[in-house]
Structure formats: C-alpha cells, structure tokens
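Work through the exercises below with the coordinates loaded. Each task is followed by a solution in steps.

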Amino acid sequence: NVMDSQGQLSRKNMQLETEVNAVHAEMDAYKVDSDRRESALRRERVEWDKEKEKYEAQITNLKSSVTSYIQDLARKDKDIVQLRKLYQEGAKKEKFVLLSEELERSNSDLRDEVQTLKKRLAKFESRATLLTEAKSLASTKATRVTKDLKELSIRHRSE
C-alpha cells in the first residue's frame, strides 16, 4: 500500500513537473513574442519620429513660403497704390493701365499660390498630428504587453 502511494506520488510529481515545464515553455514563448513585439513597436516609433520630422521640416518650409508670398503681395499692393498716385498726378493712362493690370494678374497668381500652400500646410499639420497619435498608441501597446508579461510571471509564481 505504501508502495502504491509512493508510485502515485511519483506519477503525480512527474505530471506536475511536466505541467510546470509546459508553463515555463509557454512563458518563454510569450517572452520571445513580447520582446519581438516591443522591438517592432520601437522600430515603428523610430520610423514615425523620422516621418514626423520630415513633415515638420516641410511645414516649416511651407510656412516660410507663405510668409514670403504674403510679403510679396504687400509690396505689390504698395506698387498698385503708387501707380494710382502716378495716374492721379497725370501719368499716361495707358502705362498705368498696363502696369496695373500686370500687377493685378501677378497678385492674383500669388494669392492662388498662397491658398495652395496654405492647403498643403494644413495637410502636413494633420499628418503630423496623426503621427503623434500613432506614436502614443504604440507606447500604450508596449506598456500593455509589458503588463501582460508581468501578470503571467506573477501567475506562474503563484502556481
């Protein structure tokens, strides 16, 4: 009877060891998968940071271009005022009309270009915002994976 009990205990011990080994293997696999995911998330964050920097540089360039065009518009508006003064002072009407029309066309083209640049700027700013949100989501995912790994480790210790 003692021999039967020892045999049962021995079988139960082997069964428990097998289960413990299975849990260890599962934890190791989870750890490898978790490390792989964390690494992938870090690579994604680096890529997002690069992409964000690129968009921020483009945004800066676009803002500079918009400012330059606005300054050009202000100079041309002053030119138009000057031409009108010349006309009022008796300058030739034809010269005034030709120069005025040319400046008006030029200003119109500049205004169109400013609008186009403003639209592009809005798109880049939107993309930069999306990149920031994606980076935050990736960070949240990484935290969740780490938390899950800790919980699995704690659960295994308690078993």
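The exercises go from the whole chain to single residues.

The model is predicted; local features need pLDDT of at least 70, side-chain atom pairs count only at pLDDT 80 or more, and totals for chains, interfaces and linings use all residues. Residues are numbered from 1 along each chain as its sequence is written, and side-chain values use heavy atoms, with hydrogens and water left out.

**Exercise 1. Overall form**

Task: Describe the secondary structure and the spread of the protein chain.

Solution.
Step 1. Helices (H or I, at least four residues) and strands (E, at least two) are DSSP runs, numbered from the N terminus. The protein chain has 2 helices and 0 strands.
Step 2. The radius of gyration is taken over C-alpha atoms, and the globule rule is 2.2 Å times the number of residues to the power 0.38. For 159 residues the rule gives 15 Å, and the protein chain has 36 Å, well over that value, so the chain is more spread out than a compact globule.
Step 3. The C-alpha trace spans about 130 × 15 × 15 Å along its principal axes.
Step 4. Of the contacts (heavy atoms within 4.5 Å) with a separation of 6 or more, 88% join residues 24 or more positions apart.

**Exercise 2. Surface and charge**

Task: State how much of the protein chain is buried, what area it exposes and how its charges are placed.

Solution.
Step 1. Buried means under 20% relative accessible area, exposed over 50%, and partly exposed in between (1.4 Å probe, protein chains only). Buried residues are 18% of the 159 residues.
Step 2. Accessible areas come from the Shrake-Rupley method with a 1.4 Å probe; for residues, only the protein chains shown count as cover. The protein chain exposes about 12,200 Å², of which carbon and sulfur atoms supply 52%.
Step 3. Lys and Arg count as positive and Asp and Glu as negative, without His and the chain ends; a charge is placed at NZ of Lys, CZ of Arg, CG of Asp or CD of Glu. There are 34 positive and 30 negative side chains, and the centres of the two sets lie 4 Å apart.

**Exercise 3. The largest nonpolar core**

Task: Which residues make up the largest nonpolar core, and which helix supplies the largest share?

Solution.
Step 1. A nonpolar core is a set of buried Ala, Val, Leu, Ile, Met, Phe, Trp, Tyr and Cys residues joined through side-chain atoms within 4.5 Å.
Step 2. The largest such core has 12 residues: Tyr55, Ile59, Leu62, Val66, Leu73, Leu110, Val114, Leu117, Leu121, Phe124, Ala128 and Leu131.
Step 3. Helix H1 (2-88) and H2 each supply at least two residues of this core, and the largest share, 7 residues, comes from H2.
Step 4. Beyond four places in sequence, the core member Val66 touches Val114, Leu117 and Lys118.

**Exercise 4. Two residues of H2**

Task: Are Asn107 and Thr116 buried or exposed, and what lies around them?

Solution.
Step 1. Asn107 is in helix H2 (residues 93-158). Its relative accessibility is 1%, so Asn107 counts as buried.
Step 2. Leaving out residues up to four places away in sequence, Asn107 touches Leu73, Lys76, Asp77 and Ile80.
Step 3. Thr116 also lies in helix H2, but at 41% relative accessibility Thr116 is partly exposed. Its C-alpha atom is 9.4 Å from that of Val66, 50 residues apart along the chain.

**Exercise 5. Sequence distance and spatial distance in H1**

Task: For Glu44 and Tyr30, set the separation along the chain beside the C-alpha distance.

Solution.
Step 1. Glu44, in helix H1, is partly exposed at 36%. Glu44 and Ala138 are 94 residues apart in sequence and 7.9 Å apart in space.
Step 2. Tyr30, in helix H1, is partly exposed at 25%. Tyr30 and Lys54 are 24 residues apart along the chain, with their C-alpha atoms separated by 36 Å.
Step 3. Apart from neighbours within four places in sequence, Tyr30 is in contact with Val145, Asp148, Leu149 and Leu152.
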